[in-house]
Amino acid sequence: MAAREPPDRFRISAKELGQLAMRGFCERCFWIGRHYDLPFVGPFPGIFSSLDSYSKKIVHAAFDRHGTSPSWLAPLGRFTSYIPPPSPSKFYWDDDTSGLRLTGAPDGILVRDDGRKVIVDYKTARHTEAQDELRPIYEVQLNGYAAIAEVRGLGPVDRLALVYTEPVTDGHSSLYESAQTEEGFALGFRATIDEVPLNPSILPPLMRQARKIYDAPHPPAGAPGCEDCARFHELWTAAQGWG
Ligand code: SF4
């Protein structure tokens, strides 16, 4: 498999950039993933994407019908409208210092009456410690969206938030009459809001680091303590002798 040539303008999503902020980040994994089309990287389960997208539709429907956001978003303030989230082909920031094109696809850009914006990302998940471990990624992702929004003239952004929506399966929820529908059943969701500090200054060092790793002519060293590369090398060497 031939490696791809590094382009002048290296494109990366804000979420992918967030990987660099994770504890245990492996520069070699990042380099390999950026230079080769790996056959074994599975897609994100479609049901979660559908549910995140449904959360977005529910919020937009509340604006369209009542001219305001649903009550469960009240901890973030009062909103009068929303901006339909642009696609990554229109929502990007070309940073000339790092040579990166930072892209994003925000779930929600909510607008206050004074024109300030709050960017939200919907997560169909329970807000758990496991989710908190991913927080460094989400912080970079949302701050990336804020930086892009400012560059694309969609600011000013003054707050960022993760909105966790968790299926309500406890108590007597299955006994409610409203749970039964003609086609099947309806499942309720409970929302929890987790504000993320607005701090786009975390981005430039990560963007420079991403560019540096990407431009390296050879794979950098692997993550300390990870022995999988050595195992793979062993397997590869053994496979040379297979008939
Ligand atoms: S060191 Fe581990 S994490 Fe890094 S590329 Fe090798 S297998 Fe992947």
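Me: Contact means heavy atoms within 4.5 Å. What covers the buried residues of helix 2?

Reply: The cover includes strand 1 (10-13), helix 1 (14-18) and helix 6 (203-215). Buried means under 20% relative accessible area, exposed over 50%, partly exposed in between (1.4 Å probe, protein chains only). Helices (H or I, at least four residues) and strands (E, at least two) are DSSP runs, numbered from the N terminus.

Me: Any ground rules?

Reply: This is a predicted model, where local features need pLDDT of at least 70, side-chain atom pairs count only at pLDDT 80 or more, and totals for chains, interfaces and linings use all residues. Residues are numbered from 1 along each chain as its sequence is written, and side-chain values use heavy atoms, with hydrogens and water left out.

Me: Which residues of helix 2 are buried?

Reply: Phe30, Trp31, Arg34 and His35. Down the axis of helix 2 they fall within an arc of 115°, so they line one face of the helix. The arc is taken from the directions from the helix axis to the C-beta atoms.

Me: What sits around the ligand?

Reply: Cys26, Arg28, Cys29, Gly222, Ala223, Cys226, Asp228 and Cys229. Each has a heavy atom within 4 Å of the ligand.

Me: Which helices supply that shell?

Reply: Helix 2 (27-35) and helix 7 (228-239) each give at least two residues.

Me: How many of the shell residues are nonpolar, polar or charged?

Reply: Five are nonpolar, one is polar and two are charged. Ala, Val, Leu, Ile, Met, Phe, Trp, Tyr, Cys and Pro count as nonpolar, Asp, Glu, Lys and Arg as charged, the others, Gly among them, as polar.

Me: Switching to the sheet. What is the strand order?

Reply: The order is 2-5-6-7-8, five strands in an open sheet with mixed pairing. Strand 2 (81-83) and strand 8 (189-196) are the edges, each pairing on one side only. The twist averages 30° from one strand to the next. Strands pair if DSSP finds at least two bridges between them.

Me: How many bridges join strand 5 to strand 6?

Reply: Four, between residues 108-111 and 117-123, and the two strands run antiparallel. Leucine 110 stands opposite valine 118 in strand 6.

Me: What does helix 3 lie across?

Reply: Helix 3 (residues 46-66) crosses strands 2, 5, 6, 7 (157-167) and 8, at about 140° to strand 6. Axes are lines fitted to C-alpha atoms, for helices over the stretch in contact, and angles run from 0 to 180 degrees between N-to-C directions.

Me: And the whole protein?

Reply: There are seven helices and eight strands. Of the 243 residues, 36% count as buried. The C-alpha trace spans about 65 × 45 × 30 Å along its principal axes.
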